[in-house]
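Thank you all for coming; I would like to take a few minutes to walk through one model with you, going from the aromatic rings to two individual residues.

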Amino acid sequence: MKKVVFQKPKLSAHREKLRAEQIPADPETLRCVDMESGDLRFTSGMQLSTDDAVFTDCTFAEMDLSGASFVDTVFERCDFSNVKGGHADLLRCEFRNCKLTGANFDHSGVKHVRFEECDARYSSFSFSKLQAVQLMDSQFSESDFYECILKDMKLTRSQLENANFRETDLAGVNLADCTFERLEVTPSKIAACTVSKEQAIGFARMFGLLIHEES
């Protein structure tokens, strides 16, 4: 099986030097910054761009971040609840212990991004391209991955109950380490997808197959 190589954010040493510098009130581009709660008040509706940045305990909840670009950026304990982030570009980012319930990242490009210990229930990545994305110890139940392009996606100990993967090709995706009783999929697009025995029985019942249990 091909090994997925996740490229971590390439954060520079300049952040500590620039951390004390004054940041504009409504910046469109944030580079080499290290921000904690209260450092900056974000403006909803601006096309935010970050590069080589760390955000800790910041809130983006309910904001319109459509078209945002996040490059080499780490978010720790940040709140993205109900964010409108369609058509965003995320490259070499990490979301650590973040809240993304109801966040919308439809039609986005997500490459080398890790979600670790995140709550992303009811989030949406429909029509997005996800490459080398990792979901680790995270909650993605009721999330939407409709008609996505997945490449080198890794799922580890994550909750996917009733997540929607319809019209998404799951070839090469390993679901065996995830937890779910029901998953929305397109039957013709689950070939070469790895599942556990219990999950295979669940899919068989979902597709109307009768399972013979030997006495």
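Let me begin away from the rings, with Lys10, which sits in the segment before helix H1 (14-18) and which, in this predicted model, counts as exposed because its relative accessibility is 54%, above the 50% cut-off. Beyond its sequence neighbours up to four places away, Lys10 touches Asp52, Asp72 and Arg92, and its C-alpha lies 9.6 Å from that of Ala53, although 43 residues separate the two in sequence.

Turning to the aromatic side chains, the count comes to 17 aromatic pairs. In one of them, Phe60 and Phe80, the ring centres are 4.5 Å apart and the planes are at 10 degrees, so the pair is stacked. Phe60 belongs to the loop between strand S2 (49-56) and strand S3 (69-76), while Phe80 belongs to the loop between S3 and strand S4 (89-96), so this pair ties together parts that are 20 residues apart in sequence. Both Phe60 and Phe80 are buried.

The rings of Phe70 and Phe75, by contrast, meet with planes at 75 degrees and centres 5.2 Å apart, so that pair is edge-to-face; Phe70 is buried at 1% relative accessibility, and Phe75 is buried at 0%. Ring pairs link these four residues into a cluster whose members also include Phe105, Phe125 and Phe145.

Finally, where does Ser128 lie? Ser128 is placed in the loop between strand S5 (109-116) and strand S6 (129-131), and it counts as buried, with 2% relative accessibility. A polar atom of the Ser128 side chain lies 3.0 Å from the backbone oxygen of Phe125, and among the residues that Ser128 touches further off in sequence are Phe105, His107 and Cys148.

Note on methods:
Residues are numbered from 1 along each chain as its sequence is written. This is a predicted model: local features need pLDDT of at least 70, side-chain atom pairs count only at pLDDT 80 or more; totals for chains, interfaces and linings use all residues. Side-chain values use heavy atoms; hydrogens and water are left out. Helices (H or I, at least four residues) and strands (E, at least two) are DSSP runs, numbered from the N terminus. Buried means under 20% relative accessible area, exposed over 50%, partly exposed in between (1.4 Å probe, protein chains only). A polar contact is a pair of N or O atoms within 3.5 Å; within protein, one must be able to donate a hydrogen and the other to accept it, and residues adjacent in sequence count only if both atoms are side-chain atoms. Contact means heavy atoms within 4.5 Å. Rings of Phe, Tyr and Trp (its six-membered ring) pair if their centres lie within 6.5 Å; planes under 30 degrees apart count as stacked, over 60 as edge-to-face and the rest as tilted.
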